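Q: Could you take one part of this model and look at it closely? I would like to see how the pieces around it fit together.

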Amino acid sequence: MQQKTKLFLQALKYSIPHLGKCMQKQHLNHYNFADHYYNRIKLKKYHLTKCLQNKPKISELARNIPSRSFSCKDLQPVKQENEKPLPENMDAFEKVRTKLETQPQEEYEIINVEVKHGGFVYYQEGCCLVRSKDEEADNDNYEVLFNLEELKLDQPFIDCIRVAPDEKYVAAKIRTEDSEASTCVIIKLSDQPVMEASFPNVSSFEWVKDEEDEDVLFYTFQRNLRCHDVYRATFGDNKRNERFYTEKDPSYFVFLYLTKDSRFLTINIMNKTTSEVWLIDGLSPWDPPVLIQKRIHGVLYYVEHRDDELYILTNVGEPTEFKLMRTAADTPAIMNWDLFFTMKRNTKVIDLDMFKDHCVLFLKHSNLLYVNVIGLADDSVRSLKDGKLVPMTVFHKTDSEDLQKKPLLVHVYGAYGMDLKMNFRPERRVLVDDGWILAYCHVRGGGELGLQWHADGRLTKKLNGLADLEACIKTLHGQGFSQPSLTTLTAFSAGGVLAGALCNSNPELVRAVTLEAPFLDVLNTMMDTTLPLTLEELEEWGNPSSDEKHKNYIKRYCPYQNIKPQHYPSIHITAYENDERVPLKGIVSYTEKLKETIAEHAKDTGEGYQTPNIILDIQPGGNHVIEDSHKKITAQIKFLYEELGLDSTSVFEDLKKYLKF
């Protein structure tokens, strides 16, 4: 086989969600792909080989959504006239700490998306889509392109912006905090900008320019959380809007991605374990798309392009099969995922080795990263379970004494091969400042240690994640971090499975639990194929409708199925009225059954039994998780402090420093 037609190309991957099947009936595979399309796509060469040990992150399409981030208005410290330069011989850690200690405390606000294109920056200002010259982006000198209030939505915000190559048009996806429904508006840029068109329920969208210099918008249409159709549209005098691509398998999701150099548009078709990618030539967007590799069960791959070469990250191969090929320029043609992940972390974050004797809290905004050193004797702790080392990340104040008497908040997720979120949140900073210990348990089922780590915590291995969580909490207590009476647990979405399971199996390990939009009724949800995500998530939870083994296994850990008369920790649940990802019905059923069972246990126990508080807070709206809700944040913190008998006066005063109430 020729080198250019071996199995896969080099890999670089950025999180690309789920993807489908082309309507164009072409039977292409990796053997005839180069021969049929090599000249038309005009790629110089292909380096096709197997790339190993990769860890592609499955997108947050399941029981989770992309979040908006908090960021400090101006984290860079203001240099005083008499400020002395830092000594050249000071080590990196001391330099960071010194700078941060002089950093002023600022309020934190929600930062909306912004895009730089040409000489302009496009962003949201108030209720308007605006643009300003790049050099004037920090001033109030901007041009209003569109007033979001024209859509008559409640508190709309811009979720995504894409600018046409020649800046004749700009497209913006607009939605609200309490709903996942979105509208994509197309604005014609001129002396008097005007809305050219709008499309409902758009998921992903990208611009390309055809041979006649006409802007073409490709977009995917999402219905009931399922995204199967791809459209392309033009505007102006030659208006057209056509569907040209449809995925027939309901377990797959379609997502568009424009390569970093804007040369190719990729149509990605994915479920939790399998992917397929079709390539659209950015110079010939009306030509039929080209299949890179037909979907093969268990094979995930992602496509990038640079300097007339395709780069593909895939999970195919074994470590012993890894071969490093080189281009004519003697640069690596493929990359092992572990190496790439390390490079990505060290580039976009900060090399944690330089903080090996301390703990860091990350504040992220766009491509900027700020590190607030808050100290810890060790940057991570590992617990041992079934021969597996389970990593944990622990935060607390440097000057904390007698950690066994400090309150502990444990975080867990462990699903879909996704990393546990440790992004900066104002309420987390406030808790640490008030003496709390924050622990993040990277249990099996997540993606922190690669695809196998995910595989070891899904389907009929889901109980591994529960065992890991129990081991983590016991290890924390054993190493002197807090104690059960001061330990709390928090989880959201699919993380509610493990948190709820722990409340059934080892309720004595924690005092209180906060859950947000938790997935608690796994069995009944996965048996209802009319729900939007059931078919898409069979690879994660199993198919209890047709597989008796899966059904019996789910019954062993499902939080709803395993409620029993015993003492439970107090639990605060935040749910959303019209949540399509985690139906409210399952959460209500869980809450009612739990309350009834607790009442039964209290009756049997007799007088003097302190009944745990079970609170269900149902928020209006149809979003899945609203991270920026001040009401939710304050309710959860208030609950934790009351359950642990702590004074919350100062914590709410401190919270006002970061949140605008």
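A: The answer below starts with the whole chain, moves to one group of helices, and ends with pairs of charged residues.

This is a predicted model, so local features need pLDDT of at least 70 and side-chain atom pairs count only at pLDDT 80 or more, while totals for chains, interfaces and linings use all residues. Residues are numbered from 1 along each chain as its sequence is written, and side-chain values use heavy atoms, with hydrogens and water left out.

First, the setting. The protein chain has 13 helices and 30 strands. Both are DSSP runs, numbered from the N terminus: helices are H or I with at least four residues, strands are E with at least two. Of the 661 residues, 56% count as buried. Buried means under 20% relative accessible area, exposed means over 50%, and partly exposed lies in between (1.4 Å probe, protein chains only). A contact means heavy atoms within 4.5 Å. Among contacts with a separation of 6 or more, 65% are between residues 24 or more positions apart.

Now the close look. Start at helix 10, residues 548–557. Which of its residues are buried? They are His550, Tyr553, Ile554 and Tyr557. Viewed down the helix axis, these residues fall within an arc of 100°, so they line one face of helix 10. That arc is taken from the directions from the helix axis to the C-beta atoms. There is a general rule behind such faces. An α-helix has 3.6 residues a turn, so residues three or four places apart point the same way.

What covers that face? The cover includes helix 6, helix 7, helix 8 and helix 9. The start of helix 10 has a feature of its own. There, a side-chain oxygen of Asp547 comes to within 2.9 Å of the backbone nitrogen of Lys549.

Helix 7 (495–505) is one of the covering helices. Of its 11 residues, 10 are buried, so helix 7 is largely enclosed by the rest of the structure. The buried ones include Gly495, Leu498, Ala499, Leu502 and Asn504.

Next comes Glu470, placed in helix 6. Glu470 is buried yet has no salt bridge. A salt bridge is a side-chain nitrogen of Lys or Arg within 4 Å of a carboxyl oxygen of Asp or Glu. The nearest side chain of opposite charge is Lys474, 5.2 Å away. In that count Lys and Arg are positive, Asp and Glu are negative, and His and the chain ends are left out. Glu470 does have a polar partner. Its side chain and that of Ser505 share a polar contact of 2.7 Å. A polar contact is a pair of N or O atoms within 3.5 Å; within protein, one must be able to donate a hydrogen and the other to accept it, and residues adjacent in sequence count only if both atoms are side-chain atoms. Leaving aside neighbours within four places in sequence, Glu470 is in contact with Leu502, Ser505, Asn506 and Leu509.

Then there is the nonpolar packing. A nonpolar core is a set of buried Ala, Val, Leu, Ile, Met, Phe, Trp, Tyr and Cys residues joined through side-chain atoms within 4.5 Å. The largest one has 79 residues, and Leu469, Leu489, Val522, Trp541 and Ile571 have the most contacts inside it. Beyond its neighbours within four places in sequence, Leu489 is in contact with residues including Leu409, Leu469, Ala499, Leu502 and Val513. Apart from this core lies another, of 17 residues, among them Tyr169 and Ile186.

Last, the charged pairs. The structure holds 26 salt bridges. Lys388 and Asp456 form one of them, with the closest N and O atoms 3.9 Å apart. This pair links distant parts of the chain: Lys388 lies in strand 24, and Asp456 in the loop between helix 5 and helix 6, 68 residues apart. Lys388 is partly exposed at 32%, whereas Asp456 is buried at 8%.

Lys209 and Asp166 also meet in a salt bridge, at 3.9 Å from N to O. Lys209 is in strand 11 and Asp166 in the loop between strand 7 and strand 8, so the pair ties together parts 43 residues apart in sequence. Lys168 joins these two in a network of salt bridges.
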